Amino acid sequence: MTGRPALAVLGAGTMGHGIAQVAAMSGYDTRLFDVMPEALDAARERIEGNLRKGIQRGKVTPEARDRALDGLSYSRYLGEAADGVGIAIEAVPERLDLKQKVLARCGESAADGALLATNTSSLSVTAIAEGLPSPGRVIGMHFFNPVHIMALVEIVRGAETSDETVARAREVAERLGKTPIVIADSPGFASSRLGLALGLEAIRMLEEGVASAEDIDTAMMLGYRHPMGPLKLGDLVGLDVRLDIARYLHEALGSPVFEPPALLERMVAAGRLGRKSGRGFYRWAEEE
């Protein structure tokens, strides 16, 4: 892995493993960190499975797969993963204190001047950067699931984020094959705010018996040319994640648009979280 620029991904969940896969395929010496060994094992399986499917579909060559796997390592130790890296992308759960802690510890081991990015989909980048030694190096890089397919990255500029950091984040996003857009640090940014409003209204419609989940999704796919309906997308993102973001935006913006529907609350309480639990608005097979 010598000669490749070093990049750490902190958190091996749904988003973290996808970011790590794309980074390794883009020529980075990619270190994927998680404290949970089972999360790292699952991430390895998902990445290898994605690459295998890519070969079967003619989108990835065996040589590209081998280079990606050779450029990817896994670690349970944050200091080891972040040691000397010039780029770190945090993808831990949506908890402000956890994100601050992880980025602070990463900053102690990363190279001087390293880019410190958060993949938060809703939390304030300015708040995440508070208390860190170099808040000018902290920026939002919000990827979309599945990362190896979705082309967009929202670059979210915090109050202290420097122009140089914005420029570097753009360069990283473009090297990863993504299209970056720059967003002000506002609750929900652009995509989460718009997408969640649609997703929550779809849940309310299902709750009221307006139509089935399949028909609500079909209406948006065929009527508005959305590639995926809002309910299936919620399953893919994770209904617990949707609920956390809804609660945050409801509190931050005070708008009834983001008040979590009772159906969503009940489904999450029952463990119906979407694809990752096998059932949400849809039933999911293990291989999907």
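Is Arg225 buried or exposed? At 75% relative accessibility, Arg225 counts as exposed, because the cut-off for that class is over 50%. The notes below concern a predicted model, and they start from the surroundings of this residue.

1. Arg225 and its loop. Arg225 sits in the loop that runs between helix 9 and helix 10. Its phi is positive, about 60°, although the residue is not a glycine.

2. The helices on either side of that loop. Helix 9 covers residues 213–224 and helix 10 covers residues 230–237; their axes come within 7 Å and cross at roughly 105°. Helix 9 is therefore roughly perpendicular to helix 10. On the helix 9 side, the residues involved are Ala213, Ile216, Asp217 and Met220, and they meet Pro230, Leu231 and Lys232 of helix 10. Sorted by class, this contact has 5 nonpolar residues, no polar ones and 2 charged ones.

3. The buried part of helix 10. Pro230, Leu231, Gly234, Asp235 and Leu236 are the buried residues of helix 10. They pack against helix 8, helix 9 and helix 11, the last of these spanning 239–253. After helix 10 comes Gly238, which has a positive phi near 115°.

4. Domain division. The protein chain is divided into domain 1 (6–184) and domain 2 (191–277). Over C-alpha atoms, the centres of domain 1 and domain 2 are separated by 26 Å. The contact between the two takes 10 residues from domain 1 and 7 residues from domain 2.

5. Phe189. This residue is found in the loop between strand 8 (179–184) and helix 8 (191–207). Phe189 is not a glycine, yet its phi is positive at about 55°. Phe189 counts as buried, because its relative accessibility is 6% and the cut-off is under 20%. Arg225 also has a positive phi without being a glycine, but Arg225 counts as exposed.

6. Leu123. The loop between strand 5 (115–118) and helix 6 (125–129) holds Leu123. At 11% relative accessibility, Leu123 is classed as buried. Phe189, from the previous point, is one of its contacts outside the nearest four places in sequence; the others are Glu94, Arg95, Leu96, Lys99, Ile128, Asp185 and Tyr248. Leu123 and Gly188 are 65 residues apart along the chain, and their C-alpha atoms are separated by 7.3 Å.

7. Phe258. What surrounds Phe258, leaving aside its neighbours within four places in sequence? Its contacts are Arg193, Leu196, Ala197, Leu200, Arg204, Ala246, Leu249, His250 and Leu253. Phe258 lies in the loop between helix 11 and helix 12 (262–269). With a relative accessible area of 5%, it is buried. From Phe258 to Ile183 there are 75 residues in sequence, and the C-alpha to C-alpha distance is 20 Å.

8. The largest nonpolar core. This core has 36 residues, and Leu32, Ile139, Met141 and Phe143 touch the most other members. Helix 1 (residues 14–25) gives the most to it, with 6 residues. Apart from this core lies another, of 25 residues, including Ala8, Leu78, Ala88 and Ala110. As a general matter, nonpolar side chains in soluble globular proteins tend to be buried together.

9. Phe143. Not counting residues up to four places away in sequence, Phe143 touches Met15, Ile19, Ile89, Asn119, Leu152, Val153, Leu176 and Lys178. Asn119 and Lys178 are thus among the residues in contact with Phe143.

10. Ala117. Ala117 is placed in strand 5. Its relative accessibility is 0%, so it counts as buried. Beyond the four nearest places in sequence, it touches Ala88, Ile89, Glu90, Leu103, Ile139 and Met141. Ile139 and Met141 are among the residues that touch the most other members of the largest core, whereas Ala88 is a member of the other core. The C-alpha atoms of Ala117 and Ser212 are 39 Å apart, with these positions 95 residues apart along the chain.

11. A cis peptide bond. Asn145 and Pro146 are joined by a cis peptide bond, with omega about 0°. Pro146 lies in the loop between strand 6 (138–142) and strand 7 (152–157).

Terms used: Residues numbered from 1 in each chain as written. Predicted model: local features only at pLDDT ≥ 70, side-chain atom pairs only at ≥ 80, totals over all residues. Heavy atoms only, no water. Core = buried A, V, L, I, M, F, W, Y, C linked by side-chain atoms within 4.5 Å. Buried < 20%, exposed > 50% of the residue type's maximum accessible area, 1.4 Å probe, protein only. Helix = DSSP H or I, 4+ residues; strand = E, 2+ residues; numbered from the N terminus. Contact = heavy atoms within 4.5 Å. Axes fitted to C-alpha atoms, helices over the stretch in contact; angles between N-to-C directions. Parallel < 35°, antiparallel > 145°, perpendicular 65-115°, else oblique. Nonpolar A, V, L, I, M, F, W, Y, C, P; charged D, E, K, R; others polar. Domains from an automatic or database assignment.
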